[in-house]
Amino acid sequence: MQIIRRRGLVETPWKNGGGITRNIAETRDAQGLLWRLSMADVKEDGAFSSFPGLTRVLTVIKGDGMVLHGPEEDVPARFASPVRFDGGVPVTATLSQGPIRDFNLMFDTARCAGDAQIVRQAGAHEIGQEGQTCVLHLIAGSASVDGTALAVGDTAISTEAPLRFDLARDGVALAITLRLKG
């Protein structure tokens, strides 16, 4: 298991100047990207980058939220509520009430399956199963993984085994599982 501290992440400005990205982790193979986790600070309305062949799951982790405008519908992206969409379709975003921070999960739809859920119930939890990559990102409050405290913005990643954690009463966490297809 690996714990990635928010304070150690490197900030990279977007090409269009509309925000900052922090890459958390990714897995690649000879065919390219399997999955990627990142956080982004969005300062203004604007277009999303296109990632054909990838599924995106975006979760607002700080701020009020935004509306994602796609070719067929508008989808609200609210605080601590994962939104799934095709990374290859053109999407623009309108901030609801000022800047936000979001957590992004992207994965190769043909070779990988991914799921993201919010955990708010205090107590001991286990996510995933053997053979999956299991991720816990602390959005608010406090939590611990195998007795190690997480700060807000920290991410724990377990490969090949379930991830066990304790969430405090004030805690809000994003739980992700990733599984290779085939």
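Here is a walk through this predicted model, going from a sheet to its cores and then to two local spots.

Let's start with the sheet. Strands of a sheet pair through backbone hydrogen bonds, either parallel or antiparallel. Here, five strands line up as β1-β17-β14-β19-β12, forming an open sheet with antiparallel pairing. At the edges sit β1 (2-4) and β12 (112-119), each of which pairs on one side only. Going from one strand to the next, the twist averages 15 degrees.

Zoom in on two of those strands. β14 (residues 133-140) and β19 (residues 172-180) run antiparallel to each other and share seven bridges. If you want a place to put your finger, try Cys-134, whose bridge partner in β19 is Thr-177.

Now for the nonpolar packing. In soluble globular proteins, nonpolar side chains tend to be buried together. The largest nonpolar core in this model has 23 residues, and the members that touch the most others are Ile-24, Leu-37, Phe-103 and Ile-176. At least two core residues come from each of β3 (19-29), β4 (32-42), β6, β11 (100-108), β12, β14 and β19. A second core, separate from this one, has 14 residues, among them Val-119, Ala-156, Leu-163 and Ala-175.

Leu-37 is a good spot to look around from. Leaving aside residues up to four places away in sequence, Leu-37 touches Asn-23, Ile-24 and Ala-25, then Phe-103, Asn-104 and Leu-105, and also Val-135, Ile-157 and Ile-176.

Next stop, the aromatic rings. A pair of aromatic rings is described by the distance of the centres and the angle of the planes. The count here is one aromatic pair. That pair is Phe-48 with Phe-85, with 5.9 Å from centre to centre and 65 degrees between the planes, so it falls in the edge-to-face class, which takes angles over 60. Phe-48 sits in the loop between β5 (46-47) and β6 (54-62), while Phe-85 belongs to strand β9 (residues 83-86), so the pair ties together parts 37 residues apart in sequence. Phe-85 itself is buried, at a relative accessible area of 13%.

Finally, have a look at Gln-132, which lies in the loop between β13 (123-127) and β14. Is this glutamine, Gln-132, buried or exposed? Its relative accessible area is 10%, so Gln-132 counts as buried. The side chain of Gln-132 reaches the backbone nitrogen of Gln-129 at 3.0 Å. Not counting residues up to four places away in sequence, Gln-132 touches Ser-158, Thr-159, Glu-160 and Ala-161, along with Thr-177, Leu-178 and Arg-179. Thr-177 is a name you've already met, as the bridge partner of Cys-134.

Definitions and conventions
Residues numbered from 1 in each chain as written. Predicted model: local features only at pLDDT ≥ 70, side-chain atom pairs only at ≥ 80, totals over all residues. Heavy atoms only, no water. Phe/Tyr/Trp six-rings, centres within 6.5 Å; stacked < 30°, edge-to-face > 60°. Helix = DSSP H or I, 4+ residues; strand = E, 2+ residues; numbered from the N terminus. Buried < 20%, exposed > 50% of the residue type's maximum accessible area, 1.4 Å probe, protein only. Pairing = 2+ DSSP bridges. Axes fitted to C-alpha atoms, helices over the stretch in contact; angles between N-to-C directions. Core = buried A, V, L, I, M, F, W, Y, C linked by side-chain atoms within 4.5 Å. Contact = heavy atoms within 4.5 Å. Polar contact = N/O pair within 3.5 Å; in protein donor to acceptor, adjacent residues only side chain to side chain.
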